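Here is a short report on the pockets, the enclosed space and the helix packing of one protein model. Please read it alongside the sequence and coordinates.

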Amino acid sequence: MSLWKIAPVVVVLGEKSVPVGRQIVNVLPGAKLYGLANRTLDVDVSFTNFGETLRELFVCGTPLIGICAAGILIRTLAPLLSDKRQEPPVLAVAENGSAVVPLLGGLNGVNDLARCIAEALGVKPAITTTGDVRFGIVLETPPPGYCLANPEQAKSFMSDLLAGATVRLDGNAPWLGSSALPIDPNGDLTIQITEREITPEPNCLVYHPATVVIGMSGTDGDQDETVALVRQTLADAELSPASVAGVFAMITASANPGIHAVKSAFGVPARFFCATDLEEFLSEGYTPAQAAALAAVGTSGQLILDQSSHVAIAISPQPIDPNTTGQPRGRLAIIGTGPGGSQWMSPEVKEILNSATDLVGYKTYLDLVGHLGKGKQRHESDNREEVARAMIALDLAAEGRSVAVVSSGDPGIYAMAAAIFEVLDRCAKPEWNYIDIQVAPGISAMQAAAAAIGAPLGHDFCAISLSDILKPWSIIEQRITTAAQGDFVIAFYNPVSKERTWQLAQARDILLRWRDPKTPVVLARNLGRPGQTVQAIALDQLVPEAADMRTVILVGSTQTRTIQRGDGGVWVYTPRGYS
Ligand code: SAH
C-alpha cells in the first residue's frame with residue numbers, strides 16, 4: 001500500500017545528482033525525476049524555473065525530495081509554510097547520497113519517507129522528531145489501515161509520554177505493540193483500537209481500524225437515500241464511518257450510481273467481484289450484497305447485520321486493504337496526445353497516462369508519450385487494426401484494468417474514439433457495459449497547423465480525410481465539391497500515403513473549379529515533432545509530392561489572405577470581418 005496519495009517528485013539541479021535521484025525514484029512507486037533544463041539530461045520532466053516548479057508541486061501536496069542543500073529548499077518554500085497539517089513531506093538529500101534530512105511534513109509521513117530513502121542509499125536518516133526517535137512512531141500518522149479519531153489530543157498525549165507516562169493498549173494494532181511505547185496494562189494513558197463509534201475518554205487516543213466493509217447490490221433508488229441508508233445501517237451497528245475500508249459489490253453492479261455515491265460519501269474505494277468469486281456465498285442463500293461483503297472480509301470475518309437487501313455490513317479481525325481485495329471498476333480512457341510535443345498534451349491526458357495500467361495504440365503514438373508510458377503494459381498494433389485494437393482495449397478494461405487508448409491529435413478526429421464506440425455499439429459484450437469510459441480531447445493537427453501560421457481557420461471550416469480506404473472516392477469528391485461551393489476553409493487529413501497519391505491532385509482540380517489558383521494553401525508536416533515544417537503555397541502549386549502521411553493541408557476559402565512577415569515568411573488568415 002503506498003503511503004502517499006500523490007506520487008513523490010525527486011528534484012535535481014545538475015547531472016551529477018541524477019544517479020542518486022534515480023536510485024530514490026526506483027524505490028518510490030510512481031515517483032518522477034525532475035531536472036533543471038540545460039543542466040540535466042536523463043530526467044523524466046525538465047523544468048526551467050526551480051522556485052516556481054517547487055512551490056507549485058508543494059501547494060498540490062506533492063512529497064518533495066530535493067537533491068540539494070537543505071537551505072535551498074527551506075528558502076524556496078518558506079513563504080508557503082502556514083499549516084503543518086497540510087504540508088507534504090519535504091526532504092533534502094546530499095548529492096552523494098550520504099545524508100537524508102526530513103525537513104517538513106512531520107504529520108504526513110516525512111520520517112517514513114526518510115527511512116525508506118535512507119535504506120535505499122544505505123545510510124541512517126537524520127530523524128529529529130523526539131517522539132519518533134524515542135518511540136519509533138508518530139501518533140498523528142498511523143500506518144495505512146488506521147485512522148486517528150481525536151488528532152487534537154495527540155500532542156498533549158505525546159508530551160505526557162515523553163514526560164514518563166505509561167500507556168495501556170485496548171484493542172489490536174501490531175504497529176503499536178511493536179513500537180517502543182512504554183506499554184503497561186495499568187498505564188496512565190490509554191490507546192484504544194476499535195471500529196465502534198465512541199466518544200474518547202480524556203487521556204485516551206482512539207484509532208479506528210479499516211476493518212468494516214459495506215457490501216452492496218445495485219439500487220435504482222435516489223443516491224442520497226442510498227447514502228443515508230448506509231449511514232443509518234452503520235449507526236445502528238454502532239460502527240464508525242472512519243472504519244469503513246471500502247464498498248464491495250458484484251462486478252455487474254460496478255456502474256451503479258448508488259454504489260459510487262456511497263464510495264464518494266465515505267471517501268473509500270469501490271471494488272468488485274466476479275460471479276465466480278461469489279458463487280459459494282450465493283449458493284448458500286446470501287444476497288449479492290452479503291456475498292460481496294463476506295468475500296471482502298474473507299473466512300475470518302463475519303456478517304454484522306442486514307437490514308436492507310441492498311446493503312450488508314461485515315467486519316474483519318484485521319484491517320482490509322481495499323486495493324488488493326476484488327478488482328476496481330474497469331476504466332477506458334480514449335485520449336489524444338496532441339500532434340507531438342508534450343507542451344501540447346493536456347494536463348488531463350498526462351494525468352490519465354500517469355494512472356493507467358495499460359496503453360493500447362499504434363506503436364508510433366505509444367512512442368510519442370515518452371516517459372509517461374514508462375512501467376505500463378503496452379499493447380501495440382498496426383495502424384490499420386482499429387477494430388481489433390478497440391476490442392483488446394475493451395476486454396482489458398472489463399478485467400478491471402485502467403486502459404488508455406492512445407491517439408495522436410484529438411482522439412475523436414479520424415482516430416480511435418469512433419472505433420471504440422462502433423465496436424461497443426455493434427458487437428457489445430455484456431461485460432463492456434460496466435466499464436467507465438471517458439474521452440479526453442487533444443489538439444488536432446489542423447489546430448496546430450493553423451496556430452503555426454496565423455489564423456487560416458478563422459472563419460467557417462470543415463475537415464475532410466482524403467483516405468478512400470473506409471469510404472468510396474465518390475463520396476469524398478462530393479464532399480470536396482460541396483465544401484468548395486459553400487466556401488469553407490478545408491483541412492485535408494490523410495492527404496497522401498505511399499499507395500494513395502492521385503487523390504490529392506484530384507481534390508485540387510475540383511477546388512480549382514471554385515477557387516482562385518492563387519488561394520493560399522498551408523502545408524504543415526511533422527507538427528510538434530522533430531523536422532516540423534509549415535509553409536504556404538498557392539492552390540495551383542499543390543502537388544502530391546508536396547505532402548505525405550504526416551502532413552495536414554489547409555486550403556483557404558475565397559476570403560483567406562496572406563500577410564508578409566518581417567522575417568520573410570507569411571501569415572495566413574481568414575477574416576471574420578471585424579474591421
Ligand atoms: N487524430 C489526429 C488525426 C489522425 S489521422 C488529429 O486529430 O490530428 C492522421 C493524419 O493526421 C495524418 O495523415 C496527417 O494528415 C494528420 N496529422 C496527424 N499528426 C500530424 C502532425 N504531427 N503533423 C502534421 N499532420 C499530422
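**The second largest pocket**

The second largest pocket holds about 1600 Å³ of space. Its lining counts 50 residues, and those closest to the pocket centre are Tyr-365, Asn-383, Glu-386, Tyr-414 and Asn-494. The model is a predicted one.

Which elements give two or more residues to this lining? They are helix H13 (363-368), helix H14 (386-398), strand E19 (402-407), helix H15 (416-426), strand E22 (461-465) and strand E26. H15 gives the most, with 6 residues. By class, the lining of the second largest pocket splits into 24 nonpolar, 13 polar and 13 charged residues.

**H14 against H15**

Two of the elements that line the pocket, H14 and H15, also pack on each other, with axes 9 Å apart and an angle of about 70°. That angle makes H14 roughly perpendicular to H15. From H14, the residues in contact are Glu-386, Val-387, Arg-389, Ala-390, Met-391, Ala-393 and Leu-394. From H15, they are Met-416, Ala-419, Ile-420, Val-423 and Leu-424. The contact has 10 nonpolar residues, no polar ones and 2 charged ones. Glu-386 appears twice in this account: it is in the contact with H15, and it is among the residues closest to the pocket centre.

**Two further helix pairs**

Helix H1 (residues 18-27) and helix H4 (residues 110-121) have axes that come within 10 Å and cross at roughly 120°. H1 is therefore oblique to H4. The crossing is right-handed. H1 brings Val-20, Gln-23, Ile-24 and Val-27 to the contact, where they meet Cys-116, Ile-117, Ala-120 and Leu-121 of H4. This contact comprises 7 nonpolar residues, 1 polar residue and no charged residues.

Helix H10 (residues 275-283) and helix H11 (residues 288-297) cross at roughly 120°, with axes that come within 9 Å. H10 passes H11 in a right-handed crossing. Leu-278, Phe-281 and Leu-282 of H10 meet Pro-288, Ala-291, Ala-292, Leu-294 and Ala-295 of H11. What classes of residue make up this contact? It has 8 nonpolar residues, with no polar and no charged ones.

The table sets out the three pairs.

| Helix pair | Axis distance | Angle between axes |
|---|---|---|
| H14 and H15 | 9 Å apart | about 70° |
| H1 and H4 | within 10 Å | roughly 120° |
| H10 and H11 | within 9 Å | roughly 120° |

**The cavity**

How many cavities of 30 Å³ or more does a search of the whole structure find? The search finds 1. The largest cavity has a volume of about 30 Å³. Strand E24 (520-525) and strand E26 (551-555) are the elements that give two or more residues to its lining. The lining residues are Pro-456, Val-489, Pro-520, Val-522, Leu-554, Val-555, Gly-556, Thr-560, Val-572 and Thr-574. They divide into 7 nonpolar and 3 polar residues, with no charged ones.

E26 links the two spaces: this strand gives two or more residues to the lining of the largest cavity, and it also does so for the second largest pocket. The two linings can be set side by side by class. Charged residues number 13 around the pocket, while the cavity lining has no charged residues.

Notes
Residues are numbered from 1 along each chain as its sequence is written. This is a predicted model: local features need pLDDT of at least 70, side-chain atom pairs count only at pLDDT 80 or more; totals for chains, interfaces and linings use all residues. Side-chain values use heavy atoms; hydrogens and water are left out. On a 1 Å grid over the protein atoms alone, a cavity is a set of points where a 1.4 Å probe fits but cannot get out, and a pocket is an open set with protein on both sides within 12 Å along at least five of seven lines; lining residues have an atom within 4 Å of a point. Grid points are joined across faces, edges and corners, and a volume is the space filled by probe spheres set on the points. Helices (H or I, at least four residues) and strands (E, at least two) are DSSP runs, numbered from the N terminus. Ala, Val, Leu, Ile, Met, Phe, Trp, Tyr, Cys and Pro count as nonpolar, Asp, Glu, Lys and Arg as charged, and the others, Gly among them, as polar. Axes are lines fitted to C-alpha atoms, for helices over the stretch in contact, and angles run from 0 to 180 degrees between N-to-C directions. Angles under 35 degrees count as roughly parallel, over 145 as roughly antiparallel, 65 to 115 as roughly perpendicular and the rest as oblique. A crossing is left-handed if the near helix is turned anticlockwise from the far one by less than a right angle, and right-handed if clockwise. Contact means heavy atoms within 4.5 Å.
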